[in-house]
Amino acid sequence: MSLEEFYRHFRWWMDPDDGRALRRFNAIVSFFEGRDVEASRVLDLCAGTGIAGVAAAKALSAPELTLVEARAEDMKKAWKWLEIAGISPKLRLVAGDVLDLPSLVGEHDLALLWGHTMPHFDPFEAVRLFSGVASVLSDDGAFFIEETDRIKRFLYGSAYKDFLVERRTQDYTLVSLHEGYDVRRGVERRGYYRLPGFEKVAGMKLRLWDLASQLALGRIFFREAELVTPSEHGLSEVSEVLLFRGPKKGIARGVYSEFQNSL
Ligand SMILES: C[S@@+](CC[C@H](N)C(=O)[O-])C[C@H]1O[C@@H](n2cnc3c(N)ncnc32)[C@H](O)[C@@H]1O
């Protein structure tokens, strides 16, 4: 199914004739009015109809706005958003793939990826996207992503067990309870209790990782990243193994020292 077909049926709230989209538009304007951001060149990525880019340009009184979107047709609706916003920045519509960003646009001060768009990218594409965005932003430029935490929403909200029997021995049973989720760190707070007696054994903060994110993360710092699956290594007692080769020491040292204190 093409992106065009998908969005024809999915009906994301971004059309200027849609009341819900208008409410979104006004909320995005308010969001950017409340930020300490200055930008004269706004770049809206995966812009759809340009709802977010026009809203940000209005809030920040930006004289230049660029939209990048794979589906050219929807972008024309940006003119209607400008009319609704009552502004007339210099508008540039770029039909293309945001993964090719450095070859599509020049320098900007503010980049947006609005509207829960990250699922369109796998972890490796996400690294390409982020590095592309960082390379087209001015030195004091900023990148805003509107997203939701799907691990929290879909996993903890559905199949996940908030009460789990973890181990059963002759002497005791260890159970764990879901005790919260830290959305900033992406970790679950889980309490471990011993039965009988319900004595707390530990409180843990745990991150449920997928494999591709770890591969993509590693690929930033190593020239090669490889996944060896159980069917490839043939050992039933060994899980998937991630293998990284060729450290990029320059990048690694810089990021390592930056992450010592900032997080
Ligand atoms: C969920 S919509 C969000 C639209 C808009 N930013 C908003 O806030 O309403 C995601 C948009 O990303 C576009 N898109 C997906 N992959 C893309 C890519 N690789 N390059 C450019 N646009 C892409 C889709 O066509 C769609 O319009």
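Domain bounds, as used here, come from an automatic or database domain assignment. The structure is a predicted model, in which local features need pLDDT of at least 70 and side-chain atom pairs count only at pLDDT 80 or more, while totals for chains, interfaces and linings use all residues. Residues are numbered from 1 along each chain as its sequence is written.

The chain is divided into three parts, listed in this table.

| Domain | Residues |
|---|---|
| domain 1 | 3-145 |
| domain 2 | 150-206 |
| domain 3 | 211-258 |

Taken over C-alpha atoms, the centres of domain 1 and domain 3 lie 33 Å apart. Five residues of domain 1 are nevertheless in contact with six residues of domain 3, where contact requires that the C-beta atoms of two residues, placed from the backbone, lie within 7 Å.

Helix H7 covers residues 123-136; helices (H or I, at least four residues) and strands (E, at least two) are DSSP runs, numbered from the N terminus. In H7, the residues Leu 129, Gly 132, Val 133 and Val 136 are buried, whereas Ser 131 and Ser 135, on the face turned away from the buried side, are exposed. A residue counts as buried if 20 or more other C-beta atoms, placed from the backbone, lie within 10 Å of its own, as exposed if 12 or fewer do, and as partly exposed in between. The buried residues of H7 pack against helix H6 (101-104), strand E4 (108-113) and strand E5 (137-145).

Around the ligand there are 22 residues, of which Met 14, Cys 46, Gly 48, Ala 70 and Gly 115 come nearest, a residue being near a molecule or strand if its C-beta atom, placed from the backbone, lies within 6 Å of it. Helix H1 (3-10), helix H3 (51-60) and strand E2 (64-69) each supply at least two residues of this shell.

How values were computed
The expected span of a helix is 1.5 Å times one less than its number of residues.
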